[in-house]
Amino acid sequence: MRPGRLLLFDVARTYCRDLASVDAAREFLQFKVHVAEHARERILMVVNRGVTTFETVKHPATGHPTNITKESHDAIAVMELRMWFDLLLFELVSIEDALVQAANAVFEFNDSPENRHLKKIVHGRICKELETRHNLAPPESEATGIHDWLRAEPWLTDIRELRNQATHRNLVKLRESKSWHEKPTLPPPRGYLRSECYVDLGNGREEPIAEWVPITVDKVKDLLNGSAKRLADVLTLLRSFYGGEAAAARRRAWWKQTKGAPCAHPGAEAAELIGRDGLTIYFCSDCGERVYNVTGKKSPKGGTYI
Ligand SMILES: [Zn+2]
C-alpha cells in the first residue's frame, strides 16, 4: 500500500498550481524520513557490534581459545552512538515541521515557513476550509491531519524534550549493563558478550537504546502516514469543491501563463462532479476559479447561461 505521505503529494499534483513547490515539499519530507531511517540503522549497527565487549583471548600461535578473558571498550563506538542519536532526534522532530510546511504548500496557504506558529496557523486554516466549504463543525472540522501533532502524546513529548536537551547534555547514558559483571559468565566460544546502552529519558526513566530507537522511528512514521492520509482526504474534498481535476488543470495553466492576474470570468463550464448540495459546480473556462452564479456567462457550446 502506498504510504499516506506519498498519497498526499499524489493528490496535490492534481490540485495545486505550482507543481515545483509540491515536488520540493515531497522531496524534503522524504529526505527527513530517509535520514532518520539511516540514523536508526547506524545506531543499531553500533549497538550490535557492542560498545564494551567481553571475549576469550585466543592463543596467538595456535588461535585456540585460552583460559583468559578480556573486556574491551570502544570509545569511537560511544562517540558514534551519540552522534547518530543526536542526528536521529533532530530528524524525527523535523519530520513534523516538514509535514506542516508540506501542508502549507499543497493547500496553497503560502504562510511564511519561518513563522514559529505555522503548525497552529495551518491547522486553523484547514479547519476553516472544512467549516466553510464542507459545512462541518468542531470536532469534525478539527480533524485536519495536523491535529495529530497538536495532541501531546507522551512519546512525542519525549522526543521533543530529548531534542531540546541534546544541545546541552549527552543523551546516551553509558550506564552500560554488562551481564558478565552481574553474574560470572563466560563468553560464548568464538563469540563475545556485549554491554547494553540506555537512553536517558530523564526523571529516572531509561530505555535500552536498541529497543527505543526502532520503536520510536516506527511511531513517528505511523503518525506521519496517518496524518498525511487525512490531509490527502481533506485536499481531495477541496479539489471536488473547486470543480475537480479539470478545474485544477485550468487554474494551473492560468497561473503559469499570467502568474495569477485577475480574470473577469467571461465564460463558465460545468465540472463533471456534482456539489455537496446536489447542484452542478461551474468553473471559469479561462482561469479555472469556481463560478457561483453563471447567469450571463458564456457556455463552452457558444450559448449564454440564463
Ligand atoms: Zn476566470
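This report describes aromatic contacts, internal spaces and backbone features in one protein structure, which is a predicted model.

**Aromatic pairs and charges over rings**

Across the whole structure, six aromatic pairs are found. One of them joins phenylalanine 85 and tryptophan 212 in a tilted arrangement, with 5.7 Å from centre to centre and 50° between the planes. Because phenylalanine 85 belongs to helix H3 and tryptophan 212 to helix H8 (residues 209-241), this pair ties together parts of the chain that are 127 residues apart in sequence. Phenylalanine 85 and tryptophan 212 are both buried.

Another pair is made by phenylalanine 241 and tyrosine 242, and here the geometry is edge-to-face, with a centre-to-centre distance of 5.0 Å and an angle of 90° between the planes. Phenylalanine 241 has a relative accessible area of 14% and is therefore buried, the cut-off being under 20%. Tyrosine 242 likewise counts as buried, at 14% relative accessibility. Together with Tyr292, the residues Phe241 and Tyr242 form one aromatic cluster.

Phenylalanine 241 also has a charged partner, since arginine 290 lies over the face of this ring, at 4.4 Å from the ring centre. A further arrangement of this kind involves arginine 251, which lies over the face of tyrosine 15 at 5.4 Å from the ring centre.

**The largest pocket**

The largest pocket holds about 410 Å³ of space. Its lining consists of 17 residues, and those closest to the centre of the pocket are Glu96, Asp97, Arg116, Leu118 and Lys119. Helix H3 (75-106), helix H4 (118-134) and helix H6 each contribute at least two residues to this lining, and the largest share, five residues, comes from H3. Sorted by class, the lining of the largest pocket comprises eight charged, five nonpolar and four polar residues.

**The cavity**

Turning to enclosed space, the count comes to one cavity of 30 Å³ or more. The volume of the largest cavity is about 30 Å³, and the residues that line it are Leu92, Val93, Glu96, Trp149, Leu156, Ile159 and Arg160. H3 and H6 are the elements that give two or more residues to this lining. By class, the lining of the largest cavity has five nonpolar and two charged residues, with no polar ones. Glu96 appears in the lining of this cavity, and Glu96 is also listed among the residues closest to the centre of the largest pocket.

**Tryptophan 155 and histidine 34**

Tryptophan 155 is placed in helix H6 (residues 154-165). With a relative accessible area of 19%, tryptophan 155 is buried, because the limit for that class is under 20%. When its neighbours within four places in sequence are left aside, tryptophan 155 is in contact with Lys219, Val220 and Leu223. As for the first of these contacts, tryptophan 155 and lysine 219 are 64 residues apart in sequence, yet their C-alpha atoms are 8.7 Å apart in space.

Histidine 34, by comparison, is found in helix H2 (residues 19-49), and a relative accessible area of 43% makes histidine 34 partly exposed. Histidine 34 and glutamate 91 are 57 residues apart in sequence, with a C-alpha to C-alpha distance of 9.2 Å.

**Backbone features in loops**

Most residues other than glycine have a negative phi, and most peptide bonds are trans. Against that background, the peptide bond that joins proline 138 and proline 139 is cis, with omega about 5°. Proline 139 is found in the loop between H4 and helix H5 (147-150).

Two residues with a positive phi are set out below.

| Residue | Phi | Loop | Relative accessible area |
|---|---|---|---|
| Glutamate 108 | near 60° | between H3 and H4 | 21%, partly exposed |
| Arginine 190 | near 60° | between helix H7 (179-182) and strand E4 (192-194) | 65%, exposed |

Neither residue is a glycine: the phi of glutamate 108 is a positive value in a residue other than glycine, and that of arginine 190 is likewise positive in a residue other than glycine. At 21%, glutamate 108 is partly exposed, because buried would require a value under 20%. Arginine 190, at 65%, is exposed, since exposed stands for a value over 50%.

Conventions: Residues numbered from 1 in each chain as written. Predicted model: local features only at pLDDT ≥ 70, side-chain atom pairs only at ≥ 80, totals over all residues. Heavy atoms only, no water. Helix = DSSP H or I, 4+ residues; strand = E, 2+ residues; numbered from the N terminus. Buried < 20%, exposed > 50% of the residue type's maximum accessible area, 1.4 Å probe, protein only. Contact = heavy atoms within 4.5 Å. 1 Å grid on protein atoms, 1.4 Å probe; cavity = no way out; pocket = protein on both sides within 12 Å on 5 of 7 lines; lining within 4 Å. Points joined across faces, edges and corners; volume = space filled by probe spheres on them. Nonpolar A, V, L, I, M, F, W, Y, C, P; charged D, E, K, R; others polar. Phe/Tyr/Trp six-rings, centres within 6.5 Å; stacked < 30°, edge-to-face > 60°. Lys NZ or Arg CZ within 6 Å of the ring centre and 35° of its normal.
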